[in-house]
Amino acid sequence: MNYSDGSNHYYIKRDDLLPFSFGGNKVRIAEQYFHDMKNKNCDCIIAYGNSRSNLCRVIANMSKSLKIPCFVISPSDDSGGHIETNNSRIVKALGAKMVYCNKKNISQTVKKVMDDCIQKGLNPYYIYGNIFGKGNEKVAVEAYATAYDEINEFESESGVTFDYIFHASGTGTTQAGLICGSLLYGDNKKIVGISVARNASDNKEIIKHNISEYMNGKVYREKDIYFEDKYVLGGYGNYNNEIINVINEMLSHDGISLDPTYTGKAFWGMTEYLKENSIGGKKILFIHTGGLPLFFDNINLI
Ligand SMILES: *Cc1c(COP(=O)(O)O)cnc(C)c1O
């Protein structure tokens with residue numbers, strides 16, 4: 001790529017180009033859910049996510065192509081309303097059944113949707129496990145634990161060894177997977193998740209738990225988890241002018257799309273992190289986790 005800070009060497013893993021439903025990390029994660037769903041003999045799928053969710057889009061798309069009924073439970077935003085985005089429009093266009101809820105009654109809503117499915121003779125699969133959203137972490141972690149093979153393959157074919165991996169980190173599922181991949185290979189790359197919303201103290205705990213689930217109880221120290229919440233800018237979806245500039249630059253120089261909620265925020269956070277920590281002369285891999293519809297949501301800002 002052409003992006004440069006004059007010192008570090010940048011590479012991008014283009015998971016935004018994965019060939020299904022506009023790509024992104026959620027393609028890998030959704031594949032794991034559908035695989036698991038099949039193993040569990042379920043015949044309808046329930047997703048949960050807000051209107052910007054790339055995961056809900058990919059799940060709605062996979063369900064449609066596999067002819068599996070799909071329910072998308074979506075929380076109202078803080079003002080109580082439901083904004084439409086390109087992702088939520090795609091979800092609807094694909095015929096997923098939308099169920100709106102309040103952030104306070106997610107588990108009751110999940111339970112109700114599951115009970116309704118069972119009443120209809122269906123065997124539902126809730127992607128996050130039980131009604132409290134627990135118990136299925138391992139399935140999704142697999143996605144990036146195995147994607148790590150591709151990073152290793154690239155390194156052995158090219159002779160390049162990355163010092164750092166950066167990416168947008170939300171729930172930390174992708175990050176937990178990458179850390180497991182790194183542990184399984186026994187390398188010592190620094191994997192830095194730039195938080196797009198959550199604070200580090202809570203989410204490091206979750207990442208630690210997810211690593212332990214996947215690695216059969218292995219204890220990974222929280223202090224070795226680099227989940228950076230310094231660049232959250234007060235919350236999910238918040239951005240500043242510098243992020244818009246980064247998005248503009250990336251499009252102009254490399255023809256690559258970033259968005260303000262995930263990849264643009266993470267790329268900007270990465271550049272700040274490298275500056276603040278005086279990191280130079282390193283080989284840096286940025287994982288582009290996708291989100292193309294969100295780029296188009298924000299085209300007027302660029
Ligand atoms: C979901 C998402 C992330 C965050 O992934 P997690 O596994 O939840 O941390 C990052 N980037 C994009 C574009 C996403 O859609």
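This report describes a predicted model with a bound ligand, beginning with the ligand site and moving outward to single residues.

## Basis of the model

The model is predicted, so local features need pLDDT of at least 70 and side-chain atom pairs count only at pLDDT 80 or more, whereas totals for chains, interfaces and linings use all residues. Residues are numbered from 1 along each chain as its sequence is written, and side-chain values use heavy atoms, with hydrogens and water left out.

## The ligand and its shell

The ligand is surrounded by 13 residues, of which the closest are Lys26, Gly170, Thr171, Thr174 and Thr289; a residue is near a molecule or strand if one of its heavy atoms lies within 4 Å of it. By class the shell comprises ten polar, two nonpolar and one charged residues, where Ala, Val, Leu, Ile, Met, Phe, Trp, Tyr, Cys and Pro count as nonpolar, Asp, Glu, Lys and Arg as charged, and the others, Gly among them, as polar. At least two residues of the shell come from each of helix H1 (25-39), strand S6 (164-169) and helix H6 (173-185); helices (H or I, at least four residues) and strands (E, at least two) are DSSP runs, numbered from the N terminus.

Polar contacts, meaning pairs of N or O atoms within 3.5 Å (within protein, one must be able to donate a hydrogen and the other to accept it, and residues adjacent in sequence count only if both atoms are side-chain atoms), link the ligand to both side chain and backbone. An oxygen atom of the ligand lies 2.7 Å from a polar side-chain atom of asparagine 54, and a backbone N or O atom of glycine 170 is likewise placed 2.7 Å from an oxygen atom of the ligand. In the side chain of threonine 289, an N or O atom is 2.6 Å from a nitrogen atom of the ligand. The protein buries 96% of the 380 Å² that the ligand exposes when taken alone, with accessible areas taken from the Shrake-Rupley method with a 1.4 Å probe and, for residues, only the protein chains shown counted as cover.

## Annotated positions

An unreviewed UniProt entry carries the annotation "domain: Tryptophan synthase beta chain-like PALP" over residues 7-290; UniProt positions are given here in the numbering of this model, feature names are shortened, and annotations may be inferred rather than shown by experiment. The end C-alpha atoms of that span lie 26 Å apart, and the span is 45% helix and 16% strand.

The unreviewed entry also annotates Lys26 as "modified residue: N6-(pyridoxal phosphate)lysine". Lysine 26 sits in helix H1 and is buried, because its relative accessible area is 17% and buried means under 20%, exposed over 50% and partly exposed in between (1.4 Å probe, protein chains only). Not counting residues up to four places away in sequence, lysine 26 touches Asn54, Leu55 and Val58, contact being heavy atoms within 4.5 Å. Ser53 has the annotation "active site" in the unreviewed UniProt entry and belongs to the loop between strand S2 (44-48) and helix H2 (54-66). Serine 53 counts as buried at 10% relative accessibility, and a polar atom of its side chain lies 3.2 Å from the backbone nitrogen of leucine 55.

## Other buried residues

Asparagine 87, in helix H3, is buried with a relative accessible area of 0%. Leaving aside neighbours within four places in sequence, its contacts are Ser51, Arg52, Ser53, Asn54, Arg57, Pro293 and Leu294. Serine 76 lies in the loop between strand S3 (70-75) and helix H3 (86-93), is buried at a relative accessible area of 11%, and, with the neighbours within four places in sequence left aside, is in contact with Gly81, His82, Cys101, Asn102 and Lys103.

Isoleucine 12 belongs to strand S1 (residues 9-14) and counts as buried at 17% relative accessibility. Beyond its neighbours within four places in sequence, isoleucine 12 has contacts that include Met250, Ile256, Phe267 and Leu285.

## Positive phi in two loops

Most residues other than glycine have a negative phi. Asparagine 41, although not a glycine, has a positive phi of about 55 degrees; this residue is in the loop between H1 and S2 and is exposed, with a relative accessible area of 61%. Serine 278 also has a positive phi, near 50 degrees, in the loop between helix H9 (263-276) and strand S9 (283-288), and is exposed at a relative accessible area of 68%.
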